[in-house]
Amino acid sequence: VSHLPAKLINGGIAGIVGVTCVFPIDLAKTRLQNQRPGQQVYKSMIDCLIKTVRSEGYFGMYRGAAVNLTLVTPEKAIKLAANDFFRCHLSKDGRGLTVFREMLAGCAAGMCQVIITTPMEMLKIQLQDAGRLAAQQRKPGIIPPNRLATTNAVLSRSYNVVPSTSPRVISATQIARELLHSQGIQGLYKGLGATLLRDVPFSIVYFPLFANLNKLGKPSPDAAAPFYWSFISGCVAGSTAAVVVNPCDVVKTRLQSLSKGANEESYNGIIDCFSKIMKREGPSAFLKGAGCRALVIAPLFGIVQVMYFLGVGEFIMSQSSLKLISD
């Protein structure tokens, strides 16, 4: 754990670089997951991105990015620190961890990170989905604008629910303030159970899979794997874990969306959401956005491995007085 500060810097930089690179794909994932049968605005990820740029401009693809960029560093920091901490305590006499213990460390890390992840995703989803609701109103024959139902007055005003106005931009701070005012802190933690259901299995799959894939590329047990091997291992482990937990991600996105279009049902918790999606949209609905999610997660974790390989955090720590922390 002595290298923890450097690891946190690596994780933070990787998160910021990664989010900037893949955020438009993440936006497409949210909008595709929130679509209901018969009310499709977007046919595919590419179609979604093209329509977003046409109607909202280039920066429309980055709606909600500020929330992610602000909170991705503490999120990555907690995840990496927790995983390191539990791995350290679960390893016996400095020997390697068994797969079960690696899964246990990943599970614990996933449980810790939801402290930041849940409110971050909650705010991000409102901002990402606003354009879909506005596009749904504009599409003829789907929904008359005056029938758009929402659960929140501030969100409805900000999301162009009134037919005659042009879309108004809302900030994450406004949404957070409104939620805290109307529902208290639990308003920001709506979908906590679904976030746990997604992030804990993700970490259980990702960390052991990456460790074992990376091990295959090591020339000897004590040597480090080559840079390209770590990058590929991060991408493969990340995208595999992302697809495995995609059904939970769909449920989480639906539960955390406060603004609904007309005829878009509300859900009372995880089980209700699972059963309604299964009944009305079939099992294929749980794979909505899976390709997008794999495309988001793969480079994100590949970039994390690049940062570790380059030792950016270690370089920064060695150049500053903060290196005392790691002694």
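This is a guided tour of a predicted model, stop by stop, with a selection to make at each one.

**Stop 1: the whole chain**

Start with a cartoon view of everything. You should find 13 helices and 0 strands, so colouring by secondary structure gives the pattern α-α-α-α-α-α-α-α-α-α-α-α-α from one end of the sequence to the other. The protein has 327 residues, of which 53% count as buried. If you like contact maps, try one here: among contacts with a separation of 6 or more, 77% join residues 24 or more positions apart.

**Stop 2: the largest nonpolar core**

Next, select A28, Y42, M45, F202, Y206, C292 and F301 and show their side chains. Within the largest nonpolar core, which has 26 residues, these touch the most other members. Which elements give two or more residues to this core? They are α1 (4-34), α2 (45-56), α4, α8 (192-216), α9 (227-244) and α12 (290-310). Colour α12 separately if you wish, since α12 gives the most, with 5 residues. As general background, nonpolar side chains tend to be buried together in soluble globular proteins.

Now centre on M45. Setting aside residues up to four places away in sequence, M45 touches I25, A28, L32, C292 and L295. Apart from the largest core lies another one, of 11 residues; L127, A172, L179 and L258 are among them. Keep L127, A172 and L179 in mind for a later stop.

**Stop 3: A28**

Move along to A28, which has its place in helix α1. A28 is buried because its relative accessible area, 0%, is under the 20% cut-off. Show the surroundings of A28 and pick out M45, C48, L49 and C292, which A28 touches when residues up to four places away in sequence are not counted. For a distance label, choose the C-alpha atoms of A28 and M61: they are 33 residues apart along the chain and separated by 8.3 Å.

**Stop 4: helix α4 against helix α6**

Select residues 99-138 for α4 and residues 172-183 for α6. Two packed helices are described by the angle between their axes and the distance between the axes. Here the axes come within 10 Å and cross at roughly 120°. That angle makes α4 oblique to α6, and the crossing is right-handed.

Which residues make the contact? On α4 they are M122, L123, Q126 and L127, and on α6 they are A172, I175, A176 and L179. Sorted by class, this contact has 7 nonpolar, 1 polar and no charged residues. L127, A172 and L179 return here from the 11-residue core.

**Stop 5: helix α4 against helix α10**

Keep α4 on screen and add residues 246-256, helix α10; the two axes come within 9 Å and cross at roughly 70°. That makes α4 roughly perpendicular to α10, and α4 passes α10 in a right-handed crossing. Show T118, E121, M122, I125 and Q126 of α4 together with K252, T253 and Q256 of α10, which make the contact. By class, there are 2 nonpolar, 4 polar and 2 charged residues in it. Pause on M122 and Q126: both belong to the contact with α10, and both also belong to the contact with α6.

**Stop 6: T117**

While you are on α4, select T117, which lies in that helix. Is T117 buried or exposed? T117 is buried, with a relative accessible area of 0%. Beyond its neighbours within four places in sequence, T117 is in contact with E75, T195, R198 and D199. A C-alpha to C-alpha label between T117 and L71 will read 8.0 Å, for a pair 46 residues apart in sequence.

**Stop 7: helix α10 and D249**

Finish by isolating α10, a mostly covered helix with 10 of its 11 residues buried. The buried set includes N246, C248, D249, V250 and V251. To see what covers α10, bring back α1, α4, α8, α9, α11 (270-281) and α12, against which its buried residues pack.

Last, zoom in on D249 in α10. D249 counts as buried, at 0% relative accessibility. Which residues does D249 touch, not counting residues up to four places away in sequence? They are K29, Q33, R198 and R293. R198 also appeared among the contacts of T117. For a closing label, the C-alpha atoms of D249 and R293 are separated by 9.2 Å and lie 44 residues apart along the chain.

How values were computed
Residues numbered from 1 in each chain as written. Predicted model: local features only at pLDDT ≥ 70, side-chain atom pairs only at ≥ 80, totals over all residues. Heavy atoms only, no water. Axes fitted to C-alpha atoms, helices over the stretch in contact; angles between N-to-C directions. Helix = DSSP H or I, 4+ residues; strand = E, 2+ residues; numbered from the N terminus. Parallel < 35°, antiparallel > 145°, perpendicular 65-115°, else oblique. Left-handed = near helix turned anticlockwise from the far one by under 90°. Contact = heavy atoms within 4.5 Å. Nonpolar A, V, L, I, M, F, W, Y, C, P; charged D, E, K, R; others polar. Core = buried A, V, L, I, M, F, W, Y, C linked by side-chain atoms within 4.5 Å. Buried < 20%, exposed > 50% of the residue type's maximum accessible area, 1.4 Å probe, protein only.
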